[in-house]
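User: Please look closely at one part of this structure for a reader new to it: the paired side chains. Which residues meet, and where do they sit?

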Amino acid sequence: MNIKKISTPLLISLIMFPQIIETMYSPALTSIKNHFEISTENAAQGLSIFFMAFAFGVVFWGALCDIIGRRRSTLAGLTLFIFSAIFTYFAPRFDLFLAGFGCCAFGAAVGSVCTQTILRDRFEGAELSRLFSIAATSIGISPVIGMIVGSWLTAHGGYTWVFAAMITLITLLLFWTGMQLPETKPQNIKRDSLFSVANKMIRDSHIWYIVFMIGLANIALFSYYNIAPFMFEKLGVSVKFFGYTGFALAIGSVLGSLINIKLIRYKLSSDSIVIMAMLLMVISGIGVYLLQHTVWFFIPMALVSVAFGLTLPNLLSTALKNYRNHLGTAGALLGLFYYLIIGFGLDFAASTGNLAMTLLGCGVCCLLLTLAKIISTKLTLLRNKKVLTS
């Protein structure tokens with residue numbers, strides 16, 4: 001199956017929809033808190049649960065991709081999301097609401113892992129990195145769509161309008177997918193067991209580097225959606241203003257992806273690009289710290305989006321270079337690892353409620369990880385050179 005026969009707008013929509021759903025939910029946090037009469041910390045639990053359930057959804061749908069195919073897995077995940085969103089819409093208690101939203105996340109994971117698997121089916125190397133840059137650009141636009149739509153719906157009808165819109169949008173996406181998404185699974189795919197692939201990945205230091213880098217980058221970005229609504233509420237700013245701040249983040253993400261495409265053409269190493277990105281994240285943390293008592297703290301957050309657009313394509317494009325015979329399963333496990341880190345990290349960030357410290361912590365940790373990786377690679381090359389010359 002030629003990847004060109006697949007609708008590009010459909011692939012973009014599939015990879016964008018989990019982020020759109022997540023950012024539609026963020027403006028509704030204050031409405032959810034008031035409706036169920038819960039604390040700010042409890043209301044913020046929804047996003048950490050989203051990412052934890054998303055993690056297990058990624059491993060489930062990714063493994064299923066290699067068994068029943070990419071198309072049928074995608075259709076099943078979208079269907080599960082719709083029924084879960086209907087349940088969440090009618091949930092009478094907050095614990096049932098969280099359970100329903102977790103099931104929504106489990107179904108939404110299909111948009112991430114199956115779409116990435118489809119791309120990896122046909123591309124590798126610099127071409128795959130370029131395609132992931134385009135995907136990152138699309139994901140960068142998602143927060144604007146999600147936050148503006150979610151803010152408008154919350155302001156006019158509360159969180160129930162948000163879930164009604166989710167149900168409508170994903171139903172349309174399900175019909176579109178059913179009509180236009182072909183199967184791309186290779187005929188000669190190697191069906192190794194989940195445990196054998198997991199055992200290989202657990203012993204792979206490069207995988208752990210990728211996992212922590214992707215996890216920390218996502219914690220830095222999504223902590224804004226988890227913490228900022230309550231920061232704006234304390235400052236007496238409307239939920240619509242929070243939605244409009246998505247423009248700054250989207251511009252940053254698109255800019256980061258476009259810069260990354262340029263840097264790849266100039267053959268700058270991925271490690272150099274990632275170091276630049278992490279320096280931007282640290283600068284962003286300092287900026288948010290200085291402006292956190294004003295409504296303008298969202299402006300330095302745009303640098304986190306730039307860093308995200310620079311970092312993610314370089315990490316994802318090299319993550320599974322040694323796992324091409326079982327991309328669905330390996331991609332699922334990779335997603336499980338880093339989405340669990342994201343979920344626990346966002347839960348911790350929500351409990352502290354300190355956006356600036358979250359950004360600084362993530363940026364510094366990523367810088368240290370990248371430097372350690374570069375030093376380790378150089379030492380390995382020196383050892384190999386000595387062995388060859390001896």
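Analyst: Trp208 is partly exposed, with a relative accessible area of 30% (buried means under 20% relative accessible area, exposed over 50%, and partly exposed in between, with a 1.4 Å probe and protein chains only). Phe212 also counts as partly exposed, at 37% relative accessibility. Both residues belong to helix 8, residues 205-234 (helices are DSSP runs of H or I with at least four residues, numbered from the N terminus), where Trp208 and Phe212 are 4 residues apart and thus separated by about one helical turn. An α-helix has 3.6 residues a turn, so residues three or four places apart point the same way.

The model is predicted: local features need pLDDT of at least 70 and side-chain atom pairs pLDDT 80 or more, while totals for chains, interfaces and linings use all residues. Residues are numbered from 1 along each chain as its sequence is written, and side-chain values use heavy atoms, without hydrogens and water.

Ring contacts come next. The structure holds 36 aromatic pairs (rings of Phe, Tyr and Trp, the last by its six-membered ring, with centres within 6.5 Å; planes under 30 degrees apart are stacked, over 60 edge-to-face, the rest tilted). One of them joins Phe36 and Tyr159, a tilted pair with 5.8 Å from centre to centre and 40° between the planes. Phe36 lies in helix 2 (residues 29-36) and Tyr159 in helix 6 (residues 125-180), so this contact ties together parts of the chain that are 123 residues apart in sequence. Phe36 is buried, with a relative accessible area of 13%. Tyr159 is buried as well, with a value of 4%. Trp208 and Phe212 form another aromatic pair: their ring centres are 6.2 Å apart and their planes stand at 40°, so this pair is tilted.

Just past the end of helix 2 comes Glu37, in the loop between helix 2 and helix 3 (40-68). Glu37 counts as exposed, at 72% relative accessibility. Its phi is near 55°, a positive value in a residue other than glycine. Most residues other than glycine have a negative phi.

The charged side chains form 3 salt bridges (a side-chain nitrogen of Lys or Arg within 4 Å of a carboxyl oxygen of Asp or Glu). In one of them, Glu233 meets Lys33 at 3.3 Å, N to O. This bridge links distant parts of the chain, as Glu233 is in helix 8 and Lys33 in helix 2, 200 residues apart. Glu233 is partly exposed at 35% relative accessibility, whereas Lys33 is buried at 14%. Helix 2 therefore supplies Phe36 to the aromatic pair with Tyr159, and helix 2 also holds Lys33 of this salt bridge.

Arg93 and Asp95 make another salt bridge, with their closest N and O atoms 3.1 Å apart. Arg93 is partly exposed, at 46% relative accessibility. Asp95 is partly exposed too, at 43%.

In a further salt bridge, Lys373 meets Asp271, and the closest N and O atoms are 2.9 Å apart. Lys373 lies in helix 14 (residues 355-389) and Asp271 in helix 11 (residues 270-291), so the bridge ties together parts that are 102 residues apart in sequence. Lys373 counts as partly exposed, at 22% relative accessibility, while Asp271 counts as buried, at 17%.

Cysteines can also pair. A disulfide is a covalent bond between the sulfur atoms of two cysteines. A search of the whole structure finds 0 disulfides (a pair of cysteine sulfur atoms within 2.5 Å). Cys362 is in no disulfide, and the nearest cysteine sulfur, that of Cys366, is 6.5 Å away. Cys362 is buried, at 6% relative accessibility. Cys65 is likewise buried, with a relative accessible area of 0%.

One more helix gives some context. Helix 12 (residues 298-319) contains Ile299. Helix 12 is mostly covered, with 19 of its 22 residues buried, but Ile299 counts as partly exposed, at 45% relative accessibility. At 1.5 Å a residue, the 22 residues of helix 12 should span 32 Å (1.5 Å times one less than the number of residues). The end C-alpha atoms of helix 12 are 31 Å apart, which agrees.

Methods:
Helix = DSSP H or I, 4+ residues; strand = E, 2+ residues; numbered from the N terminus.
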